[in-house]
Protein chains: 2
Amino acid sequence: MTPKDPLIVFTPSGRRGRFPTGTAVLAAARALGVDIDSVCGGRGLCGRCQVRLSAGEFAKHGIVSRDANLTGINDVETRFDAKRGLGPGLRLSCQAEILGDVVIDVPPESQVHKQVVRKRAEVRAIELDPAIRLHYLEVERPDMHYPSGDLERVMKALEEQWGLRGLECDLRVLQILQRVLRDGDWKITVAVHRAQVLTTAWAGFHDSAYGIAVDVGSTTIAAHLCDLATGRVIASSGAMNPQIRFGEDLMSRVSYVMMHPGGAVELTAAVREAIDTLFKEVAQEAGVPKDDILNVTFVGNPIMHHLLLGIDPTELGGAPFALAANSGMTFWASEIGLSALNRNARAYVLPCIAGHVGADTAGVILSESPHLSDEIMLVVDVGTNAEIVLGNKQRLLACSSPTGPAFEGAQISCGQRAAPGAIERVRIDPQTLEPRYRVIGCDLWSDEDGFAAATKKTGVTGICGSGIIEVLAEMYLSGILSRDGTIDGAMAARSGRVIADGRTFSYLLREGEPRIAILQTDVRAIQLAKAALYAGARLLMDRLGVETVDRIVLAGAFGSHIDVKHAMILGMIPDCDLAKVGSAGNAAGTGAVIALLNQKARDDIARIVRGVEKVETAVEPRFQEHFVAAMGLPHSSAPFPHLAAAVRLPEAARNPGRNSERGARRRRQGN
Amino acid sequence: MTPKDPLIVFTPSGRRGRFPTGTAVLAAARALGVDIDSVCGGRGLCGRCQVRLSAGEFAKHGIVSRDANLTGINDVETRFDAKRGLGPGLRLSCQAEILGDVVIDVPPESQVHKQVVRKRAEVRAIELDPAIRLHYLEVERPDMHYPSGDLERVMKALEEQWGLRGLECDLRVLQILQRVLRDGDWKITVAVHRAQVLTTAWAGFHDSAYGIAVDVGSTTIAAHLCDLATGRVIASSGAMNPQIRFGEDLMSRVSYVMMHPGGAVELTAAVREAIDTLFKEVAQEAGVPKDDILNVTFVGNPIMHHLLLGIDPTELGGAPFALAANSGMTFWASEIGLSALNRNARAYVLPCIAGHVGADTAGVILSESPHLSDEIMLVVDVGTNAEIVLGNKQRLLACSSPTGPAFEGAQISCGQRAAPGAIERVRIDPQTLEPRYRVIGCDLWSDEDGFAAATKKTGVTGICGSGIIEVLAEMYLSGILSRDGTIDGAMAARSGRVIADGRTFSYLLREGEPRIAILQTDVRAIQLAKAALYAGARLLMDRLGVETVDRIVLAGAFGSHIDVKHAMILGMIPDCDLAKVGSAGNAAGTGAVIALLNQKARDDIARIVRGVEKVETAVEPRFQEHFVAAMGLPHSSAPFPHLAAAVRLPEAARNPGRNSERGARRRRQGN
């Protein structure tokens, strides 16, 4: 290039340089390190490299950018436009050549590392950088005079046309390669995994590659099918985890394995089959051929992780809760018996953190990024165990708290899973102590007109986790529940809904069939669960040396359904500015999506997980102390200033002073 | 160490150093880089590290080495001796500690990189350095306070105890790892492939690892089971290649594939099944459990190579004879359907060189090492195609010559495979023209007493390749065959064994049932085959720019059966000092053994094969010229001075002058 050569400026990067007249815009971009996507390598087939000329005078660049300074639309672009459509004003940068000074705008969708924007405002966009990339190749034909293998000529093309070298090739790809090369008349598209392995090949130009992110939960399995070119989730589907027939909760499944020879194999087969079925469904829904599904990522708790991988989870059933491995793993999807995708599809499982803190928590970390936060973040994934992560960019700690299944409606007399007909919202009038509620599947409150008709189909069948949280918090706010968790028999004088139940009392939430009441034992079950959750968080706060947290994220299906205010009233979570308490939905699943769309996230999470300080609640003496102290509402002793400022708490809670659980009991007895 | 510390000198390496009193001999050896083997890592379990104290005064080292300068036999050694036997004067170097100056002899069998001596004197010993190594580990127990995966603690032990880092682990190993660790009470032995992948694990100490080297020939498959600790072949077994039912020769099998959809799959399944059966046999013969077979190497011609790997060989059936791949490949044996070995066993296939020059030739190169030779070597593997390698350490060329199946007894009227009853040796009395012969399975010549009785069981059934070579050479030496390959009708006057056959003549080798005669057409078939072979060699000589070769090696079963003198009389091979013409037996199979026992040989052969100049005879115009000129015996024009000095050739051959084939014909007509 010489000072007289045309100047080209790329926006938004601002990169600039002079190139000889006739240089393709894409070539100039490559030379300047401007991020422009391409699958076809500049042959006008993929349309990934579309750019726009910005016309006008650009004082700051000192140039006048004219339409005439690019060559006109050529045959290749006309053909592409006819076939796939070229947006107004857009050009294929591999075809448009520089004739004079130009400013070229690279729209986000033409960047290789485009940002995939997420729905929630507070979380980072995902940089698109999938582990699988497609590369179109024009391969030399074999020549008897210079004999070389077809594969070696493919590798040569990968090096010369894409700068990729030292790749390996799956034997299964080699088995189809000769056919593909000849069917494509020596033009093929290959899929390359992490710039290391050639994992499949298609004849001719092929421009579709998909991946599936899977959250293997103990109750449900969710699969998200993503387009690896755009990063968009194009279909999601969920299914019950069929392992439920071997045991509702994780420990009963581990018990099944321990007591039945071959039990682990049964559980493994069940979950894999369900995943395969889910893959078929999600692909069918999106109209994606299975051969285009090239990558799959998994999150799951340690027991799901082990069972999915075909590892007997017995060791996770008892101390010292040893994981088989705590690193992320990459393998063929076929190695774990999955067949509803490309037969060379690669699978990646996020790393587990500790015996009770699994790849699902690793996914939550990827999604919520506490490791990038300046604020101290508390991230809680509530389930049968609550996985708790605390920290910021300096330091990250994690533990698991044995909350038990009460939050999921188990161990609660009228409890049930979150399903249509389940009570999920409750309000209690503090004067009349009369309740009103809403059920899943109906937008009306129970005291609104038409509620009976609207719920005729589902009925009102029980109360789910979020409903229990709310009813207890409301009972507490209205004085029915004392601070130590006793249903106050004195209230029976004020309302017929407080009913003696032998030596204890219950609160009648709903008359009729089924009758739904909150028993004293239900309150105790939730107190145990919430105290465990709080104690785990508190233990990590001790370790980190903080008294308060700046931000709380509730992850998981349950976390996204509960009202954070009610959760805090119950003292499930530490006191925090309510405006900074939010729910993240299925953050673990989002983590799987991130690992699918961004290969560096896999290296990141490996590094992060190694750095996480793992705390085992079972061997921490202070956990028991925190647990006992957390039995009261919201806590037996700790102040909740943010909560108290936002909600009118019963008198005793606002001024907890030095009250212990015993002190609270004494006060109650004194009443 | 200080100047006052005891001095230790190791022989034969001569390495020496001072170490504090109480240093174990093995530790001193490690520190000095002395090559001493160990699987157990110095725990007195494996006995691989045995050494001997050399007592006496060693003037050149300036020390007096006394028995008393080592600690006495300890409990560990006593236990090892009782269990596995410690040779007289031998010590476990991991147990014996230095008390004073000593000279320690490391016997060859205690060296990691011991030499495996081969039977033939002219070839290099193999340095034992298998791709699979066993390592005994003591693994940390899991600790709830510092949660980590079992795998990660195994990796830590590998790094700390063996200096191995960054390893991967097969998912299938992870599936058994927790059980193995607990069964072994945290002491396990792992197998590591090429210092990169953990491929299996056993509870406790495990000291047996085997591999199988396989030569997949079109006719026979041979398997050699090797002990990877000693490098010894402990059992060999062969079987017919069942693909024969789809076609006797390679091209008919390719035709079968081309004409039958799914044919390649059938042929692949057939050869894999046969190999699996062979593995079972050879393991049973040696009493080796299949789980201890951890590595397998393969050689084979390109078509066998492709079919074994599950690659359709159609492309090899016609120009440009494109290989799917010409690199060596490593994969799981299970990927090619082999099950009679450890389920994580790794397989390695040597690289192919060109469309007609396969992994078998790569094996021949590894075995015969022309790439290390100062002399110009010609290595010929004779089969339906002859693979020819020519060169020395500077330059190596290879080609394949289409000899056809005549050398294997096909296309010969009384020809047959080499089998008991086949004539393999022939002599003809130049005076009487009477023949005598020997058959396979009998050491007597046909004119010796007892021949009839000794061959009663097998009979005399036909003539095999080596017999044909000899009978033609003898016919030529005795004047029955003229230099241009015509059976001389004039000889009918001298002997009733030369018989008119219409317009041509034949030579009666054996009367009776079956009558065995050499027809004119038989001579022509062999002439075509030998001319092709010679022309291939000559073409490479042209390319290399040499008129003579220094050494000739005949490889393959056929090559090892024929008499080199007779082969040269026929002009199958160029003239050469007969003392420098030898046969290498199954050199391809030996190459597979070398690749099994020495991992670096795999890298070597990859590099060598890339550097080999591949010559395609089909597109070389000079090949046809050489072919035509090579029809005469031993050649129509080239002189054979070494041969002429060793053998009394018929007049015309000794002074070939400028005779062309046409000239020879003219002379004959003049007779």
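1. A salt bridge is a side-chain nitrogen of Lys or Arg lying within 4 Å of a carboxyl oxygen of Asp or Glu. One such pair joins the two chains here, since B:Glu315 forms a salt bridge with A:Arg182, with 2.9 Å between the closest N and O atoms. Between chain B and chain A the count is two salt bridges, while the structure holds 67 over all chains.

2. Please keep in mind that this is a predicted model, in which local features need pLDDT of at least 70 and side-chain atom pairs count only at pLDDT 80 or more, whereas totals for chains, interfaces and linings use all residues. Residues are numbered from 1 along each chain as its sequence is written, chains are lettered from A in the order in which they are written, and side-chain values use heavy atoms, with hydrogens and water left out.

3. On symmetry, chain B is superposed on chain A (by least squares on the C-alpha atoms of residues with pLDDT of at least 70 in both) by a rotation of 180° with 0.1 Å of shift along its axis, at an RMSD of 0.2 Å. The two copies are thus related as by a two-fold rotation axis. Of the residues of chain B, B:Glu335 comes closest to that axis, its C-alpha being at 5.5 Å.

4. On the interface, the contact (heavy atoms within 4.5 Å) takes 42 residues from chain B and 42 residues from chain A. The copies meet through the same surface, because 100% of the interface residues of chain B are also interface residues in chain A.

5. On buried area, meaning the accessible area (1.4 Å probe) that two parts lose on being put together, summed over both, chain B and chain A bury about 3,600 Å² between them, 62% of it on carbon and sulfur atoms. B:Met144, B:Leu171 and B:Gln178 supply 19% of the area that chain B buries against chain A, more than any other three residues.

6. Within chain A, A:Glu434 forms a salt bridge with A:Arg497, the closest N and O atoms being 3.0 Å apart. Both residues lie in loops, A:Glu434 between β23 and β24 and A:Arg497 between α10 and β26, so the pair ties together parts that are 63 residues apart in sequence; strands are DSSP runs of E with at least two residues, and helices are runs of H or I with at least four, numbered from the N terminus. A:Glu434 is partly exposed at 36% relative accessible area, whereas A:Arg497 is buried at 12%, where buried means under 20%, exposed over 50% and partly exposed in between (1.4 Å probe, protein chains only).
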